[in-house]
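You asked for a reading of this structure that a newcomer could follow. The points below are meant to be read with the structure open beside them.

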Amino acid sequence: MDASRENITPNATNNICVVHSSLDVLKECKSFVGDDVPVLSQGIRKSKLPNDDVSSTVTFFLSDWCNVHPSQYNYAEMDPWLNVLSEEE
């Protein structure tokens with residue numbers, strides 16, 4: 001057995017959050033999750049990683065406290081892979 005996999009609990013889930021102030025960076029990150037449409041869970045869109053036997057999910061957030069242009073904010077709101085994160089959250 002691979003040493004890096006020894007401590008993984010069967011049927012465990014990993015939640016990975018990616019927060020960035022650049023819409024372009026988040027668009028590039030989306031390529032890692034494949035083409036499957038994300039699942040809406042408690043108001044947040046989460047994507048499953050392809051070929052993952054540990055059931056990991058990735059959530060992408062555009063931070064709105066870094067002077068995000070309104071057009072980028074609107075794009076993130078409409079993109080099924082992205083979420084907008086405010087300072088209050």
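1. Among contacts in the chain between residues at least 6 apart in sequence, what percentage join residues at least 24 apart? The figure is 56%, and it should be read, like every value in this note, as computed from a model that is predicted.

2. For orientation, the chain is built from two helices and five strands, and when these elements are read along the sequence they follow the pattern β-α-β-β-β-α-β. Of the 89 residues in the chain, buried ones make up 28%, while the exposed area comes to about 6300 Å², of which carbon and sulfur atoms supply 50%.

3. The largest nonpolar core has twelve residues in all, namely L23, L26, C29, V33, V58, F60, L62, V68, A76, W81, L82 and V84. The elements that contribute two or more residues to this core are α1, β4 and β5. One of the core residues, L23, is in contact with L62, Q72, Y75, A76 and L82 once its neighbours within four places in sequence are left aside.

4. Helix α1, which spans residues 23–29, also holds V25. This residue should not be taken as buried: V25 is partly exposed, because its relative accessible area of 33% falls between the 20% limit for buried and the 50% limit for exposed. The C-alpha atoms of V25 and L62 are separated by 9.7 Å, although the two residues lie 37 residues apart along the chain.

5. The pairing of the middle strands deserves a careful look. Strand β2 (residues 39–41) and strand β3 (residues 44–48) run antiparallel and are joined by three bridges, and V39 has K46 in β3 as its bridge partner. In the hairpin that these strands form, two residues lie between them, and Q42 takes a positive phi near 55°. Strand β3 also pairs with β4, again in the antiparallel sense and over two bridges, with V58 in β4 as the bridge partner of S47.

6. Strand β4 covers residues 56–63 and includes T59. Is T59 buried or exposed? T59 is buried, because its relative accessible area is 3%, which is under the 20% limit. Leaving aside neighbours within four places in sequence, T59 is in contact with I16, C17, V18, I44, R45, K46 and N83.

7. The cysteines call for a separate comment, and the count of disulfides in this model is zero. C17 is exposed, because its relative accessible area of 53% is over the 50% limit. C29, by contrast, counts as buried, because its relative accessibility of 19% is under 20%, and C29 is among the residues of the largest nonpolar core.

8. A last point concerns the segment after β5 (82–85), where S86 lies. Why does S86 count as buried? The reason is that its relative accessibility is 16%, which is under the 20% limit. When residues up to four places away in sequence are not counted, S86 touches D64 and W65.

Definitions and conventions: Residues are numbered from 1 along each chain as its sequence is written. This is a predicted model: local features need pLDDT of at least 70, side-chain atom pairs count only at pLDDT 80 or more; totals for chains, interfaces and linings use all residues. Side-chain values use heavy atoms; hydrogens and water are left out. Helices (H or I, at least four residues) and strands (E, at least two) are DSSP runs, numbered from the N terminus. Buried means under 20% relative accessible area, exposed over 50%, partly exposed in between (1.4 Å probe, protein chains only). Contact means heavy atoms within 4.5 Å. Two strands pair if DSSP finds at least two bridges between them. Accessible areas come from the Shrake-Rupley method with a 1.4 Å probe; for residues, only the protein chains shown count as cover. A disulfide is a pair of cysteine sulfur atoms within 2.5 Å. A nonpolar core is a set of buried Ala, Val, Leu, Ile, Met, Phe, Trp, Tyr and Cys residues joined through side-chain atoms within 4.5 Å.
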